[in-house]
Amino acid sequence: MKNIAILGSTGSIGTQSVDVALKRGYKVTALTAYSNAKLLEEQARLLKPYKVALLDEKQASCLKTALKDTDIKVLSGEDGICECAAEEHAETVINSIVGMAGLKPTLAVINSGKNLALANKESLVAGGKLVTDAANKNGVTILPVDSEHSAIFQCLQGKPTNKALKKIILTASGGPFFGKTAEQLKDVTAADALKHPNWSMGAKITIDSATMFNKGLELIEAVWLFGVSPDDVDILVHRESIVHSLIEYSDNSVIAQLGVPDMRIPIQYALTYPERYPSPVKELDLAEAATLTFYKPDCDTFKCINICRDAINKGGLAPAAVNSANEEVNRLFREGKVKFNDIPNLILKGASAAKSKNTYTVEDIDETDKTVREAVISAVNRKD
Ligand code: NDP
Ligand code: MG
């Protein structure tokens, strides 16, 4: 029996992680969410963790009342979530919180010396140097949950990257707007963008897939996870989401990982690594899939990939700045306050308000986050 904790347990990755934990018979020792007290209570009654936490103080107090017939400790706020991240019985912690709010919990997992199964890519994007330095210092393995990075991790078979590795090729579904021109995208709404062809995911990442900012985040994530240069990470649009990513060696041999698009494969592998076990996921039937297609991304229409590439090339706080700007613009687009085609410029405008700094602390990232979000909101209010 293995002990695990799940941060962001009420979300898309979180609920699939609960499913994997139940099927594998794991003990879940801590659960967290933002404000969904109802689902967290259901999960707590089912899984009987030692601790649960909600970021929202009011909902946490409702949950405390609801769970008062149990021994489960109910915590609240950022500190409560970080206490769950460091829950003493857990060997591996899944961080499936959405957004850079996952950074402090990521660091809390690492600093408590536990394995980190990381879905929360924004924490690596915003604080890549802090996260990887802390992981090295504490001898912690970061096990990727993001399907592309799990694919690369599997292609590398857990070995660190070496000189013979020439390229990482991240596949991208292309999202709901693949093949569209800027003209065709000028009036698309959040409802249109939320119709992802292959994956059912949380709202924020689904919008990021439509703008392809998600692939930019994943490029930065790959740089930190595998220690490669941004120039050695290529993006390839693959509509069927069956080839989850590839690596190319210096002899031009290419290795890929394939499977049906179901996040329970990478979630389970992050939990069972280096072992493999049967999973509830359907077998891949390539004859049924019949055709696999590949295209170059259209970086002129989908400008967000290069916004992220430029940010990681610049380094320091630049990735944190574009990430925070995107989080805010993404939210405003979902609220119908921003047009789809204005997203890249607004991200750049917001990010340009941040101070540039090569070395940084968590406090610098928090300050960047605040400055950039305010800059985005004032740009939207001015309508410039
Ligand atoms: P969801 O929006 O479905 O779930 C997010 C979870 O985080 C919920 O439990 C939510 O609680 C909690 N949460 C939200 N905001 C905060 C906050 N400020 N502080 C603490 N907890 C918070 O997201 P997804 O599951 O889709 O994505 C989670 C992460 O995994 C993201 O980083 C995403 O990029 C990554 N990922 C997701 C994939 C997917 O298939 N969904 C694939 C690959 C990566 P509540 O329910 O109370 O709001
Ligand atoms: Mg992904």
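Trainee: Which spacing do the donors of the magnesium ion (ligand 2) follow along the chain?

Mentor: Keep in mind that this is a predicted model. The protein donors of the ion are Asp146 (OD), Glu148 (OE) and Glu218 (OE). Along the chain, their spacing is D-x1-E-x69-E.

Trainee: How many residues apart in sequence are the parts that Glu148 and Glu218 tie together?

Mentor: Glu148 lies in helix α7, and Glu218 lies in helix α11, residues 213-226. Both are donors of the magnesium ion (ligand 2). The pair therefore ties together parts whose separation in sequence is 70 residues.

Trainee: At what distances do the protein donors lie from the magnesium ion (ligand 2)?

Mentor: Look at Asp146 (OD), Glu148 (OE) and Glu218 (OE). Those atoms are the protein donors, and their distances from the ion run from 2.1 to 2.3 Å.

Trainee: Are Glu148 and Glu218 buried or exposed?

Mentor: The cut-off for buried is under 20% relative accessible area, while exposed means over 50%. Glu148 and Glu218 both count as buried.

Trainee: Helix α11 also holds Lys215. Which residue's backbone oxygen does the side chain of Lys215 reach?

Mentor: Start with its setting: Lys215 counts as buried, because its relative accessibility is 5% and the cut-off is under 20%. Its side chain still has a partner, at 2.9 Å. That partner is the backbone oxygen of Thr171.

Trainee: Now ligand 1. Which residue has a polar side-chain atom 2.6 Å from an oxygen atom of ligand 1?

Mentor: Ligand 1 is surrounded by 25 residues, and the closest are Thr10, Ser12, Ser35, Asn36 and Glu122. Ser35 uses a polar backbone atom, 2.7 Å from an oxygen atom of the ligand. Gly11 also offers a polar backbone atom, at 3.2 Å from an oxygen atom of ligand 1. The side-chain contact at 2.6 Å belongs to Glu122.

Trainee: Which helix gives the most to the lining of the largest cavity?

Mentor: The structure holds one cavity of 30 Å³ or more. Its lining has 13 residues, with Ser147, His244, Gln257, Ile265 and Pro266 nearest the centre. At least two residues each come from α7 (147-155), β11 (254-258) and α12 (264-272). With four residues, the top contributor is α7.

Trainee: How much space lies in the largest cavity?

Mentor: Its lining divides into six nonpolar residues, six polar and one charged. The space inside is about 70 Å³.

Trainee: Which helix gives the most to the lining of the second largest pocket?

Mentor: This pocket has a volume of about 430 Å³. Three elements each supply at least two lining residues: α6 (121-138), β7 (142-144) and α11. The biggest share is four residues, and it comes from α6.

Trainee: How many nonpolar residues are in the lining of the second largest pocket?

Mentor: The lining has 19 residues, and Ile142, Pro160, Trp224, Leu225 and Phe226 lie nearest the centre. Six of the lining residues are polar and one is charged. The nonpolar count is twelve.

Trainee: One more stop, at Asn345. What separates the C-alpha atoms of Asn345 and Ser279?

Mentor: Asn345 is in helix α16, residues 343-351. It is exposed, because its relative accessible area is 53% and the cut-off is over 50%. Along the chain, Asn345 and Ser279 are 66 residues apart. Their C-alpha atoms are separated by 43 Å.

Terms used
Residues numbered from 1 in each chain as written. Chains lettered and ligands numbered in written order. Predicted model: local features only at pLDDT ≥ 70, side-chain atom pairs only at ≥ 80, totals over all residues. Heavy atoms only, no water. 1 Å grid on protein atoms, 1.4 Å probe; cavity = no way out; pocket = protein on both sides within 12 Å on 5 of 7 lines; lining within 4 Å. Points joined across faces, edges and corners; volume = space filled by probe spheres on them. Nonpolar A, V, L, I, M, F, W, Y, C, P; charged D, E, K, R; others polar. Donors = N, O, S within 2.8 Å, 3.2 Å for Na, K, Ca; no water. Buried < 20%, exposed > 50% of the residue type's maximum accessible area, 1.4 Å probe, protein only. Near = heavy atom within 4 Å. Polar contact = N/O pair within 3.5 Å; in protein donor to acceptor, adjacent residues only side chain to side chain.
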